[in-house]
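Student: Can we go through some of the labels people put on a structure? I'd like to hear the reasoning behind them.

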Amino acid sequence: NPTCLVAVDFCRLQQPLLIDTNPGLVTTVYGRVQVAGITDRSTAVDADQNLIAQLGVGPDASLPAANVAWSWTAATANAAYDGTAAGEPQLDEYQATLAAPAVGVYDYAFRFSADRGLSWKYCDGAPGSSDGYQPAKAGDLRVTQPADPCSPNPCNSPPTDLCEGAVAVTYAVPGTCTANGNLAS
């Protein structure tokens with residue numbers, strides 16, 4: 001007998017809708033989905049083997065469907081989600097980590113499949129998939145290079161000479177600056 005295909009009724013990129021970050025830093029992103037007979041079983045997340053959730057990142061202002069420039073990562077059920085408290089008991093919430101790519105401007109979105117990946121519904125921000133996917137409503141990812149803490153070199157001027165008890169402490173030569181993360185040392 002053929003398998004009856006179930007469709008995703010609705011989905012939305014929940015939060016955040018804007019990420020300003022630096023390359024390699026990680027942010028957790030949330031998406032919500034509604035599939036009749038699956039997500040409405042309880043007000044918690046109702047995992048189902050046929051329901052797949054993914055977070056994708058791609059070029060700014062682009063459509064993600066069938067776009068090889070988009071990369072996708074698996075999302076997992078948000079165990080802390082309470083549909084009653086969120087005011088959306090018929091929805092389930094999924095989460096994924098987004099590791100910021102190279103410096104640039106990107107879009108990000110969720111996609112859900114209720115048929116093990118045979119078909120996908122793409123999800124932008126509010127109001128979500130109910131008005132179709134619109135790149136202008138996708139999540140905005142802005143990746144910038146962190147400011148160089150050694151420019152200008154804060155170690156060019158030696159500290160003022162001082163006395164520590166009976167010992168004179170002097171600094172005759174300017175130091176060199178080494179970046180340690182976003183701090184100078």
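**Strands, cores and one glutamine**

Tutor: Sure. Thr 21 stands opposite Val 143 in strand 10. Keep in mind that this is a predicted model.

Student: How do you know that strand 2 and strand 10 pair?

Tutor: Pairing takes at least two bridges. Strand 2 and strand 10 have 4 bridges, in the parallel sense, so they count as paired.

Student: What do the side chains along strand 2 do?

Tutor: They alternate. Ile 19 and Thr 21 point to one face and are buried, while Leu 18 and Asp 20 point to the other and are not. In a regular strand, side chains do alternate between the two faces of the sheet.

Student: Why is Gln 14 called partly exposed?

Tutor: Gln 14 sits in strand 1, and its relative accessible area is 22%. Buried means under 20% and exposed means over 50%, so 22% makes Gln 14 partly exposed.

Student: What makes the link between Gln 14 and Arg 12 a polar contact?

Tutor: The cut-off for the N or O pair is 3.5 Å. The side chains of Gln 14 and Arg 12 are joined at 2.8 Å, so that distance falls within the cut-off.

Student: Which residues have the most contacts inside the largest nonpolar core?

Tutor: Tyr 94, Tyr 108, Phe 110 and Phe 112, in a core of 29 residues. Strand 8 gives the most to this core, with 4 residues. There's also a second, separate core of 5 residues, including Trp 70 and Tyr 133.

Technical notes: Residues numbered from 1 in each chain as written. Predicted model: local features only at pLDDT ≥ 70, side-chain atom pairs only at ≥ 80, totals over all residues. Heavy atoms only, no water. Core = buried A, V, L, I, M, F, W, Y, C linked by side-chain atoms within 4.5 Å. Buried < 20%, exposed > 50% of the residue type's maximum accessible area, 1.4 Å probe, protein only. Helix = DSSP H or I, 4+ residues; strand = E, 2+ residues; numbered from the N terminus. Polar contact = N/O pair within 3.5 Å; in protein donor to acceptor, adjacent residues only side chain to side chain.
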